[in-house]
Amino acid sequence: MGRVPNVTRADAQAALRNPLAFIAARWTPDPRTVRRAALAALVMSVVIVVTGGAVRLTGSGLGCPTWPKCTEDSLTTTSEMGLHGVIEFGNRLLTYVLCAAVGWAIVAARSQEPYRRSLTLLGWTQFWIVMGNAVLGGIVVLVGLNPYTVAAHFLLSSALIAVATVMWQRTREGDAEPRPLVGKAVQQLVWFLVAASVLLIAAGTVVTGAGPHAGDSSEVPRMPLDWETVTKLHAVLAWIVVTLTFALWFVLKAVDAPKEPLARTRELFLILLAQGVIGYVQYFTDLPEVLVGAHMFGSCVMWIWVLRVLLSLRERPGPAPQPSAVPAQEPATSASIAGPR
């Protein structure tokens with residue numbers, strides 16, 4: 001192991017003033033590291049949704065009855081609170097893991113060369129969504145699992161997944177102007193698909209808010225809606241999304257579209273079919289907790305792939321590869337060698 005360099009007072013002051021710039025001046029990650037950091041943030045954004053669903057499905061929503069502490073007298077769960085307290089407090093701890101993953105993505109994006117401001121902004125957007133959702137999660141507990149706040153909590157988590165997906169995609173692209181791979185009509189069809197998917201996810205939160213899984217063993221008010229009716233509306237929206245996806249695949253085949261949009265659309269169609277099977281089985285088997293949790297996970301995966309379909313409709317070429325060596329008689333001052341600034 002090499003000698004650890006001395007850190008001067010000026011270095012310490014610089015690190016305090018701008019820690020990200022301090023790290024970026026001393027560490028340059030390769031593109032693969034940046035991609036892995038963005039993927040880690042995306043994976044954790046899904047994990048926090050699934051574990052949050054586990055909290056609700058096990059009746060542990062008020063396992064820690066207050067916030068930010070677990071009880072009035074304890075920051076952590078106590079033995080008297082039993083398994084419900086452990087589950088709820090464990091989900092709260094995973095928020096710190098999510099923050100660490102998002103922080104790693106920010107640091108990696110900020111330290112990459114050449115510097116890409118768009119990636120850093122996407123990382124910071126995730127950070128502020130996480131902070132907002134943490135506060136909203138505390139409000140959910142303080143208002144006794146009000147179903148409207150629970151729905152808002154899930155929708156904000158879906159927004160986090162969306163930003164994390166975009167960042168992950170952008171780490172594999174350049175910063176050139178996007179070039180469309182399909183025509184305007186196909187792009188409009190995909191935007192209809194995205195809009196229908198948003199409505200589907202929103203309707204799913206209403207089904208949850210009106211349904212029997214209140215998140216706690218005590219009496220928790222539900223949305224004053226007929227559960228059967230909102231469930232059927234949710235199913236209709238699901239079939240609209242499936243139909244739009246199949247229509248998109250058919251159109252892409254007809255116009256001989258590039259491989260990437262076709263592959264993403266085919267994958268989305270298969271995900272939707274699997275999600276539909278889980279949805280119908282859970283409906284006709286009185287909503288077993290395991291299937292409801294699987295359906296929540298499927299909702300996250302479906303949303304990611306809808307966005308991947310949208311992002312596959314264009315390409316952003318990266319910078320031209322730089323020569324490995326520069327002849328001694330030619331100064332390395334051209335824009336192609338110096339790279340973007």
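A salt bridge is taken here as a side-chain nitrogen of Lys or Arg within 4 Å of a carboxyl oxygen of Asp or Glu. In the predicted model, Glu88 and Arg92 satisfy this criterion, with their closest N and O atoms 3.0 Å apart. Both residues belong to helix α4, which spans residues 82–111, and a separation of 4 residues places them about one turn of the helix from each other. Glu88 has a relative accessible area of 5% and is therefore buried. Arg92, at 13%, is buried as well, because the limit for this class is under 20%. The structure holds 8 salt bridges, counted by this rule.

Several of the remaining charged residues are connected to one another. Arg116, Arg170, Glu173, Asp175 and Arg314 are linked in a network of salt bridges. Within this network, the side chains of Arg170 and Asp175 meet at a distance of 2.8 Å, N to O. The two partners fall into separate accessibility classes: Arg170 is buried, with a relative accessible area of 8%, whereas Asp175 is partly exposed, with a value of 43%. A further salt bridge of the network joins Arg314 to Glu173, and here the closest N and O atoms are 2.5 Å apart. This pair links distant parts of the chain, since 141 residues separate Arg314, in strand β2 (residues 314–315), from Glu173, in the loop between α6 (147–170) and β1 (179–180). Arg314 and Glu173 are both buried.

The overall architecture of the protein chain comprises 11 helices and 2 strands. Read from the N terminus, the order of elements is α-α-α-α-α-α-β-α-α-α-α-β-α. Of the 341 residues in the chain, 42% count as buried. The chain exposes about 18,600 Å², of which carbon and sulfur atoms supply 67%. Among contacts between residues at least 6 apart in sequence, 76% join residues at least 24 apart. The salt bridge between Arg314 and Glu173, whose residues lie 141 apart, links distant parts of the chain.

The cysteine residues were examined next. The count of disulfides comes to 1, and this bond joins Cys64 to Cys70, with an S to S distance of 1.9 Å. The torsion about the S-S bond is about -70 degrees, so the disulfide is left-handed. Cys64 is buried, with a relative accessible area of 0%, and Cys70 likewise counts as buried at 0%. Two further cysteines were assessed for accessibility. Cys300 counts as buried, at 3% relative accessibility, while Cys99 is partly exposed, with a relative accessible area of 22%.

Aromatic side chains provide another set of contacts, and the count of aromatic pairs comes to 6. One of these is formed by Phe127 and Trp128, whose ring centres lie 5.0 Å apart with 75 degrees between the planes, an edge-to-face arrangement. Phe127 is partly exposed, at 24% relative accessibility, and Trp128 is exposed, with a relative accessible area of 57%. Another pair is formed by Phe246 and Phe269: the ring centres are 5.9 Å apart and the planes stand at 45 degrees, so the pair is tilted. The partners of this pair lie 23 residues apart, with Phe246 in helix α8 (residues 227–254) and Phe269 in helix α9 (residues 259–284), and the pair links distant parts of the chain. Both side chains retain some accessibility: Phe246 is partly exposed with a relative accessible area of 43%, and Phe269 is also partly exposed, at 24%. Phe127 and Trp128 also belong to a cluster with Trp124, held together by ring pairs.

Charged groups also meet aromatic rings. The charged end of Arg110 sits over the ring of Tyr115, at 5.0 Å from its centre. In a second example, the charged end of Arg308 is placed over the ring of Trp305, 4.9 Å from the ring centre.

Notes: Residues numbered from 1 in each chain as written. Predicted model: local features only at pLDDT ≥ 70, side-chain atom pairs only at ≥ 80, totals over all residues. Heavy atoms only, no water. Phe/Tyr/Trp six-rings, centres within 6.5 Å; stacked < 30°, edge-to-face > 60°. Buried < 20%, exposed > 50% of the residue type's maximum accessible area, 1.4 Å probe, protein only. Lys NZ or Arg CZ within 6 Å of the ring centre and 35° of its normal. Contact = heavy atoms within 4.5 Å. Areas by Shrake-Rupley, 256 points an atom, 1.4 Å probe, with all protein chains shown as cover. Disulfide = S-S within 2.5 Å.
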